[in-house]
Amino acid sequence: MHHHPMHQCTMHYHAVHHHTVHHQCVHHRPVQNRPLQHHPLHLPVPAPRSRPVPAMALRLLLARALRLLPRGAAAAAPHRPPPAPAGPWAPPRPPSALFSSFSFSSFFRRPAAGLAAAARRGRRGPCLALALGLALAEPRLEERRRAEAACGSIQMVFIRKNKAQKNPLSSFRWRGFRLEEYLIGQPLGKGCSAAVYEAAIPSPPDGQGSRRLSGEGPALGEQPTDKPQQKEAFPLAIKMMWNISAGSSSEAILDAMGRELVPATRTALAGEYGAVSCRRKPVLRRKKLQPHPNIIQVIRAFTSSVPLLPGAFTDYPDVLPLSLNPRGIGHSRTLFLVMKNYPCTLRQYLRDNSPDARLSTMMILQLLEGVDHLVRHGIAHRDLKSDNILVELDSAGCPWLVITDFGCCLADDSVGLRLPFTSSYVDRGGNGCLMAPEVITASPGPGTVINYSKADAWAVGAIAYEILGLANPFYGHGDSTLESRSYREDQLPSLPDRVPLEVKQVVKLLLQRDPNKRLSARVAANVLHLSLWGESVLAPKTLKPDQMVAWLLCQSAATLLLDGLVDKSRVETKMKMCFFANLDYEDLWAAIFLLLALRNQAG
Ligand SMILES: Nc1ncnc2c1ncn2[C@@H]1O[C@H](COP(=O)(O)OP(=O)(O)OP(=O)(O)O)[C@@H](O)[C@H]1O
């Protein structure tokens, strides 16, 4: 298994994931296929309860973590003014060079060993200064262990709180598995492989203001209802795939379009596909994706014969079946996916809105959290672009981003994120403009393997330009347009001054050509988390693990309270919950270091 330099595997992580997540592949964590062992530093994992009340979870968290702290540490929770970049952390070299030369983690564990490794690569001078700096800050062993255990305990509480999003069909348990049950309204959009429509399940059966499907669209010339009412009337979106190459049997359609089902919930497939996938498990090989706030949930999936829907003759006449269009080349049956109906895509949102620096950072962070979740499950989306990201506003007006359209994804149990690129017929994914350099420049051959573990993170770096109010540097035809195949990093356009420094740096590091120098989605997300709400942990000149734990305790307790008692649908709270669910001592320490290094470098 590929080993990530920034991620030292800890047995704790192993324990947590095996107890709670049950997924097959945790990328960058070399823990697969090992029996679950108990780590001496970790607390016994309690049997999961069905619905832990927030207060209980909070008490559990506090009791556990406080037991791990020495007296007085909690009181020392740092609350100081923003830091002047601290001396001992000063990076002697640009961060991109830092990435190539050594592993942060090895420095944190054993500075001398990290130094030796770097020296072997002929970079002794600058690294010596760094190592000396870090040696000053290196925590005592037992303090570090306490912090590791506390991080593990906090992580455990938050992993258990990771639940499926509430979906508009949650009260329709056994319904929605047949197209005939839906009312279909106006088109919401279309892409290269499907058309998407607003939809509803009428209740009572003969709903008003929308029409029963049965092949006929709304009357031509009907006035569209105004937007909010329409959304209420049609809480669902139904995606009708265009089937021009798969056969018409459910199994053939599933084989050809199965990737679309990667983000499907378990109940989504309880209809016809439940039967198909049980019978043909080895063929399906679909990775199971745990729910995540920034990943779409497909809540129903079924095949049906292709109906004539509004706009079909103007928007996609050629892909209609013969029965509807004598010149159509489509098959008579196809795949339908039901999702929540989102108000707009990211591209549409950015056309009408200019989010400020903090909102933009939150938006980039959400994409990174979504991508990190995919990477951990061994899945690459491979078609990230602003049309494939849906947006709704949370109760505080913050855009909530959800990655959708998994039609081009790589989600194969047998290869994971390393795709053998043996011939030019192997599908490398969609959207050539936003294909990471290592993907677009790969040349097919017997030994070629494309590693997708940082490809989506690269695309997030490119989309970040759009979020920060600029044109995507990889789109367009003019002289200023860059090609991912050939650009140099110094050609990347500068970001506006209003963009926080660390966000600029993170974007730059996500767009490194060399994946070894590029930030992973996880590290980039951690840096943005710290940049958004970690000022107090960054403040002390020499940060100690106990102080870090004290800060984590305050933040995690506040997050639980906000989630349980105040408002469940705040993006900020969701993001903090992601942060705590992925909490790892080494990773966090590395992110703190990196952030201070980035600030110091610029300062
Ligand atoms: N759940 C949804 N809610 C609202 N609109 C949606 C939803 N899903 C998709 N859309 C709209 O439909 C468009 C096409 O959807 P989607 O990207 O899934 O189709 P596609 O054919 O797979 O696209 P691509 O060309 O990227 O392969 C989106 O860009 C968006 O405008």
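**Where the two domains meet**

Three salt bridges are counted between domain 1 and domain 2 in this predicted model. As for who these two partners are, the domain assignment of the protein puts residues 140-164 together with 343-602 in domain 1, and residues 172-202 together with 233-341 in domain 2. Both domains, then, are assigned as two stretches of sequence. Their C-alpha centres sit 29 Å apart.

On the contact count, 33 residues of domain 1 touch 20 residues of domain 2. The size of an interface is often given as the accessible area lost when the parts come together. Here, about 2,300 Å² is buried between domain 1 and domain 2, and carbon and sulfur atoms give 55% of that. On the domain 1 side, His373, His377 and Phe406 stand out: this trio supplies 21% of the area that domain 1 buries against domain 2, more than any other three residues.

Back to the polar side of things. Lysine 340 and glutamate 392 make a salt bridge through their side chains, with 2.8 Å from N to O. Beyond salt bridges, the count of residue pairs in polar contact between domain 1 and domain 2 comes to 11, with both residues at pLDDT 80 or more. Four elements each give two or more residues to the side of domain 1 that touches domain 2: helix H14 (357-376), strand E7 (389-393), strand E8 (399-403) and helix H21 (571-581). Of that side, H14 provides the largest share, with five residues.

Helix H14 also holds glutamine 366. With a relative accessibility of 0%, this glutamine counts as buried, because the cut-off for that label is under 20%. What does glutamine 366 touch, once its neighbours within four places in sequence are set aside? The contacts of glutamine 366 are Asn294, Pro399, Trp400, Leu401, Val571 and Met575.

Strand E4, at residues 300-305, gives another view of the buried parts of the model. Five of the six residues of E4 are buried, so the strand is largely enclosed by the rest of the structure. The partner of E4 is strand E5 (residues 333-340); the two run antiparallel and are joined by six bridges. Within this pairing, arginine 300 stands opposite valine 338 of E5. As a general point, side chains in a regular strand alternate between the two faces of the sheet. Lysine 340, already met as the salt-bridge partner of glutamate 392, falls within the residue range of E5, 333-340.

Technical notes:
Residues numbered from 1 in each chain as written. Predicted model: local features only at pLDDT ≥ 70, side-chain atom pairs only at ≥ 80, totals over all residues. Heavy atoms only, no water. Buried < 20%, exposed > 50% of the residue type's maximum accessible area, 1.4 Å probe, protein only. Pairing = 2+ DSSP bridges. Domains from an automatic or database assignment. Contact = heavy atoms within 4.5 Å. Buried area = accessible area lost by both parts, 1.4 Å probe. Salt bridge = Lys/Arg side-chain N within 4 Å of Asp/Glu carboxyl O. Polar contact = N/O pair within 3.5 Å; in protein donor to acceptor, adjacent residues only side chain to side chain.
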